[in-house]
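Q: I would like a close look at one part of this model, namely the surroundings of a single glutamine, and then at how the rest of the fold is held around that part. Please take the contacts first and go on from there.

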Amino acid sequence: MATTVIRVPFMPTAPEALAWSAENLIVVGAGETLCILVPRQKGTWDVISRPASFFTVEEIIPMDAGMGSDMWSLGEEQSQRHIVSLAWSPPGIAKFETCALAVLHSNHVLTIWECTGRPHDSTQWNRCLLINHVIQALYRQENGKDLSNGSSERLQVSQRISAFAWASKMRDPGVSMAHPSQTGQLMAVGTGRGDLLVVEIHSPHDLFDFSESEWSVKILHRISASTIGAARQAESHSGQREADVRVSHIAWSDWAVGSKDSSDMYSHLAFIADGVLHTARVRASGKAESYATLDSDIVGALPVPNTFPVTGPLQFLPKTNTAVFFAADAIISVDLETSAVNTHDLDGRWDSITGIAQTTDSEGTNHLHFTSHLSTSSSKTCHLSGDLLTTSPYKPQWRQAVNESISRFNIAHGLGRHVQDIVCGIASSASRDLVAVCVVCEPDSSPAHFITSMEACDVSITRECDLTPDLCSDSAEILLFSMRQQGSEATERLIKHFAAPESSSMLETTTASSANEAAIQRIKKELIDTPLQTRARFERLAGLAGGIRPHPHLPRSDYNHNIKVILDVASNLPQPANGTHSSRMLYSLQVVKSKLAEDSTADLVSQEKCIVCSQDLPFESLFWSRCPSGHQYSRCALTFLSIQEPGQSKRCRLCDAQSLNEYALLKPDKTAGQSDVSDEDFARVLFTACNKCLYCGGKFVA
């Protein structure tokens with residue numbers, strides 16, 4: 001398989017500068033610039049760059065004078081606010097239920113970014129939230145009215161953020177949330193005071209709650225620095241030196257149900273402070289309003305068989321309680337339930353680890369891939385099994401990609417093989433079969449003096465194992481790219497796998513807390529998660545991967561089935577047609593049902609009017625409408641209403657199917673005095689349930 005190499009015209013300035021989202025977007029933290037790599041349909045990638053280091057006075061209040069030596073921070077007061085760490089959230093929190101991006105800067109400021117439109121358009125990527133503000137408010141409230149200079153400096157130190165980690169998404173269908181379209185996401189952050197805070201980030205994109213017009217964050221739980229310090233006293237490696245109270249690395253395990261009789265969910269929260277691994281088990285109640293009952297067990301510090309302080313990167317193996325991290329001379333894994341420890345030597349590697357990625361082969365075995373700052377190409381060990389016990393003669397493809405980048409740089413500059421590779425991160429795709437690695441090359445025999453126009457890095461994407469069926473159903477974007485990478489033979493094997501009904505990930509039967517939630521669950525179960533529909537979407541994606549550009553339409557029987565289910569669901573809602581938009585959608589679906597019925601005796605007449613000439617829009621096609629004067633419009637692929645106004649549509653990222661934009665239709669227009677759309681229950685249920693393209697499963701963009 002050929003390696004995909006993307007040339008990024010910027011240089012990262014920190015380790016762990018690479019992240020890969022569930023929507024197949026790759027981000028590189030290149031100094032003061034945020035580089036988002038967006039795939040095109042023909043296999044090429046666009047490099048979208050956005051300046052990330054500029055802040056307004058409202059975002060960051062400047063200090064009137066420099067701080068004292070005991071509280072002074074080089075990063076906060078004199079750095080260029082470079083990007084030092086970044087990570088994508090699980091899908092669901094940003095617009096159209098996509099991923100948000102968290103970016104930590106060298107001035108200890110943590111920001112949240114989102115894409116509000118097409119990801120290929122750089123103007124659609126915007127910073128929407130600063131986490132430091134809520135932390136500053138917490139500590140200011142504790143300090144009370146003490147406004148002395150010393151208190152002001154301590155407050156400035158306390159609100160610094162040293163590390164963060166998104167919690168994994170709660171996938172268990174038995175958990176019933178207060179809002180069917182919940183747009184909250186948990187995150188853990190370490191503060192300059194040494195506390196570990198669990199916060200909930202909310203976006204304003206909840207169709208069932210438009211009370212918030214901006215992104216917001218609130219603190220749900222706090223593990224204090226004193227609690228962390230007391231837990232590590234027996235295991236601290238600090239000796240005579242002063243302990244560093246700040247948390248340096250954080251990771252969450254996957255959520256799991258505590259017992260059959262309870263809806264509570266549990267996740268292990270692991271973090272490193274002062275060179276010691278700590279852990280706490282976090283409990284979240286699914287029946288409460290959002291995560292209001294979040295709490296944690298006693299914090300513990302885990303001993304490891306190593307004389308050196310431990311460090312990151314820190315990750316959990318999927319669907320386990322096993323944490324993987326590093327020490328100066330070893331990679332270590334610890335099962336937090338049994339305290340079983342495994343280690344593997346790193347061959348005397350002296351430089352820092354810059355990233356870790358995980359893949360899963362067709363047999364279900366987890367593999368760890370890790371890079372170091374300067375010795376990636378020369379180190380013997382860069383790939384291990386998840387248990388750290390099994391070594392393999394297999395050589396990772398990404399390691400070969402690093403060597404190829406070195407060769408290209410050597411030939412371009414005639415350096416006689418005197419090239420030093422600097423690896424600034426490694427990441428795996430959501431399907432866990434592809435790996436991306438970011439490498440910068442420099443001369444190793446003399447200082448490198450690069451002008452801005454010469455700064456660049458290579459992001460190489462390689463396939464490390466076959467695509468596993470159990471891991472390929474969540475993201476159509478990742479699945480399409482993986483199929484293009486692996487070739488037609490492997491794709492055909494996957495299609496055969498989906499021929500078996502039991503192979504599809506059906507939505508389990510759950511107890512809904514409201515009629516709206518029950519309606520959403522039924523639509524998802526009968527329109528999206530059936531084995532037949534899953535296989536059909538998979539075959540359409542295979543066609544797209546093979547270069548076929550089919551027209552996004554479904555078989556006649558699928559249209560009849562989908563409309564029947566939707567109308568049946570609407571009949572069970574308390575007030576399905578109260579709202580203007582809901583009533584129009586219901587009538588449109590009834591018109592289409594009568595047109596498609598072979599034995600229909602009473603055709604319904606479309607009630608749509610052309611907004612240009614006010615003439616009737618007869619129903620002639622599922623895909624377009626045209627008035628007698630010749631004005632033609634596209635039809636919504638979900639409701640079959642005509643899309644007659646600009647700004648009211650969205651498109652599938654993969655097959656380009658066009659639909660009405662629920663945010664343009666249902667979000668209250670406060671400028672026009674509209675404050676409530678609570679009567680649009682059917683429209684909100686329909687758009688929430690069908691949040692992906694019914695044709696190929698892709699996410700939408702506006």
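A: In this predicted model, Gln533 touches Leu527, Ile528, Asp558 and Asn562 once its neighbours within four places in sequence are set aside. Gln533 itself belongs to helix 9, which covers residues 531-545, and with a relative accessible area of 5% Gln533 is buried, since buried means under 20%.

Helix 9 also leads to the nonpolar interior. The largest nonpolar core has 62 residues, and among these Leu541 and Phe682 touch the most other members. The elements that contribute two or more residues to this core include helix 9, together with helix 6, helix 8 (515-528) and helix 10 (556-571), and it is helix 10 that supplies the largest share, seven residues. For Leu541, again leaving aside neighbours within four places in sequence, the contacts are Ala476, Leu479, Leu480, Met483, Leu654 and Cys696.

Helix 6 (residues 476-486) in turn carries one half of an aromatic pair. The structure holds six aromatic pairs, and in one of them the rings of Trp45 and Phe481 have centres 5.4 Å apart with planes at 90 degrees, so that the arrangement is edge-to-face. Because Trp45 lies in strand 5 (residues 45-51) while Phe481 lies in helix 6, this pair ties together parts that are 436 residues apart in sequence. Both partners are covered: Trp45 counts as buried at 12% relative accessibility, and Phe481 counts as buried at 6%. Phe96 and Tyr663 form an aromatic pair that is likewise edge-to-face, with 5.3 Å from centre to centre and 70 degrees between the planes. Here Phe96 sits in the loop between strand 6 (83-88) and strand 7 (101-105), and Tyr663 sits in helix 12 (residues 662-666), so the parts tied together are 567 residues apart in sequence. Phe96 is buried, with a relative accessible area of 5%, and Tyr663 is buried as well, at 10%.

Rings also take part in contacts with charged side chains. The charged end of Arg193 is placed over the ring of Tyr139, 4.0 Å from the ring centre, while the charged end of Lys650 is placed over the ring of Phe700, 4.2 Å from the ring centre.

The cysteines deserve a separate word, as the structure holds zero disulfides. The sulfur of Cys610 has its closest cysteine sulfur in Cys613, 3.7 Å away, which is too far for a bond because a disulfide requires sulfur atoms within 2.5 Å. Cys610 counts as buried, at 2% relative accessibility. Cys693 is in no disulfide either, and the nearest cysteine sulfur, that of Cys655, is 3.6 Å away; Cys693 is buried, with a relative accessible area of 5%.

Finally, there is a strand hairpin to consider. Strand 24 (residues 353-360) is mostly covered, eight of its eight residues being buried, and strand 24 pairs with strand 25 (residues 366-372) in the antiparallel sense over seven bridges. One of the bridge partnerships is that of Thr360 with Asn366, the latter in strand 25. Five residues lie between the two strands of this hairpin, in which Gly364 takes a positive phi near 85 degrees.

Note on methods: Residues numbered from 1 in each chain as written. Predicted model: local features only at pLDDT ≥ 70, side-chain atom pairs only at ≥ 80, totals over all residues. Heavy atoms only, no water. Buried < 20%, exposed > 50% of the residue type's maximum accessible area, 1.4 Å probe, protein only. Helix = DSSP H or I, 4+ residues; strand = E, 2+ residues; numbered from the N terminus. Pairing = 2+ DSSP bridges. Contact = heavy atoms within 4.5 Å. Phe/Tyr/Trp six-rings, centres within 6.5 Å; stacked < 30°, edge-to-face > 60°. Lys NZ or Arg CZ within 6 Å of the ring centre and 35° of its normal. Core = buried A, V, L, I, M, F, W, Y, C linked by side-chain atoms within 4.5 Å.
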